Amino acid sequence: VYWATDKVYPTEMVVKQPINSWEDFTKLKIRSSGALQSFLTDAGAAASYIPGSELYSALDSGIVDGAHWGASQGAFSMGLYEVAKYHVQPALNIAGTDVIIVSQKALNKLPEDMQNIVKQALEEQFWFRTNEYQYKERITLAKAISEHNVQVNTLPEDVQDRLTQTAQTLWDEEGKRSDNAQKALDMLKDYLSELGYL
């Protein structure tokens with residue numbers, strides 16, 4: 001297949017009380033899923049899966065202290081800002097989970113100029129959708145701040161450092177799965193180094 005990412009976007013948590021220290025983080029019960037659930041648990045929080053239909057009531061009743069459902073757009077759409085007034089940054093991850101998959105055989109049957117048109121259209125789609133999504137994230141968070149008195153909770157540096165250490169340990173394990181996994185990991189580390197995170 002020819003794989004094209006539709007967009008990349010952040011996953012950010014909402015919490016009921018601000019995270020001001022590592023101790024605050026390790027006391028959290030967080031609704032999570034997938035690789036992030038493993039990451040948050042390995043980092044020291046108590047992460048568990050709760051279906052979306054039960055998420056609001058779990059936050060409201062205190063079954064969990066925080067959750068992620070996308071970032072600001074997801075949290076706003078689920079009403080999470082009504083019961084969790086702190087939006088945590090930086091993002092837990094930035095990922096491209098929405099993709100467009102094209103048959104490589106079908107693509108190869110096209111003349112080379114047509115193949116390039118398809119690839120360029122997919123690349124333009126990626127940049128348009130990524131920037132559109134990031135723009136909507138900022139607008140939605142501003143709306144949450146003004147309408148629901150949400151505050152942005154920037155994680156303290158020591159918490160960010162510990163989360164980064166945990167992530168790197170998990171990444172290194174993933175890199176051992178295959179040559180392609182290692183190649184992807186190297187690309188990720190190079191990118192995060194360019195952004196100043198590593």
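This is a short tour of a predicted model, one selection at a time.

**Whole chain**

Start with everything shown as a cartoon. The protein chain has 8 helices and 10 strands. Its C-alpha atoms fill a box of roughly 60 × 40 × 30 Å along the principal axes. Now colour by burial. Of the 198 residues, 33% count as buried.

**Strands β3, β7 and β10**

Select residues 13-15, which are strand β3, and residues 86-89, which are β7. These two strands pair in the antiparallel sense, over 2 bridges. Show V15 in sticks, and look across to β7: the residue opposite is Y86.

Keep β7 and add residues 151-154, strand β10. Here the pairing is parallel, and there are 4 bridges. Pick H87 to see one of the contacts. Its bridge partner in β10 is V152.

**The turn-off after β7**

Move on to the peptide bond from Q89 to P90. This bond is cis, with omega near 5 degrees. P90 sits in the loop between β7 and β8.

**Helix α2**

Select residues 34-43, helix α2. Show L36, F39, L40 and A43, which are buried. Turn the view to look down the helix axis. The buried residues of α2 fall within an arc of 95 degrees, so they line one face of the helix.

Step just past the end of α2 to G44. This glycine takes a positive phi of about 125 degrees.

**The second largest pocket**

Stay with α2 and bring up the second largest pocket. Its volume is about 190 Å³. The lining has 13 residues, and those closest to the pocket centre are T11, L36, H68, N93 and T97. Select these five to find the spot.

Which elements each supply at least two residues of the lining? They are β2 (9-11), α2 (34-43) and β8 (93-95). The largest share comes from α2, with 3 residues. Colour the lining by class: 5 residues are nonpolar, 7 are polar and 1 is charged.

**Salt bridges around D6**

Next, switch to charged side chains. Side chains of opposite charge can pair when their charged atoms come close. In the whole structure, a search finds 9 salt bridges.

Select D6 and R129. Their side chains meet in a salt bridge, 3.3 Å from N to O. R129 lies in helix α6 (residues 112-148) and D6 in the loop between β1 (2-5) and β2, so this pair ties together parts that are 123 residues apart in sequence.

Buried or partly exposed: how does each partner count? R129, at 21% relative accessibility, counts as partly exposed. D6 has a relative accessible area of 9%, and is buried. The cut-off matters for R129, because buried means under 20% relative accessible area.

Add K7. D6 also forms a salt bridge with K7, and the closest N and O atoms are 3.5 Å apart. Both D6 and K7 are buried.

Now extend the selection to D98, E132 and K136. Together with D6, K7 and R129, these residues are linked in a network of salt bridges.

**A salt bridge at E174 and R177**

Jump to R177 and E174. Their side chains meet in a salt bridge at 3.1 Å, N to O. What share of its area is accessible in each residue? R177 is exposed, with a relative accessible area of 64%. E174 is at 43% relative accessibility and counts as partly exposed.

**The loop from α6 to β10**

Go back to β10 and select N149. This residue lies in the loop between α6 and β10. Check its backbone: phi is near 55 degrees, a positive value in a residue other than glycine. At 59% relative accessibility, N149 counts as exposed.

**Last stop: I100 and T166**

Select I100 in strand β9, residues 99-102. With a relative accessible area of 29%, I100 is partly exposed. Then draw a line from its C-alpha atom to that of T166. How far apart are I100 and T166 in space? The C-alpha to C-alpha distance is 31 Å, and the two residues are 66 apart in sequence.

Note on methods. Residues numbered from 1 in each chain as written. Predicted model: local features only at pLDDT ≥ 70, side-chain atom pairs only at ≥ 80, totals over all residues. Heavy atoms only, no water. 1 Å grid on protein atoms, 1.4 Å probe; cavity = no way out; pocket = protein on both sides within 12 Å on 5 of 7 lines; lining within 4 Å. Points joined across faces, edges and corners; volume = space filled by probe spheres on them. Nonpolar A, V, L, I, M, F, W, Y, C, P; charged D, E, K, R; others polar. Salt bridge = Lys/Arg side-chain N within 4 Å of Asp/Glu carboxyl O. Buried < 20%, exposed > 50% of the residue type's maximum accessible area, 1.4 Å probe, protein only. Pairing = 2+ DSSP bridges. Arc of directions from axis to C-beta.
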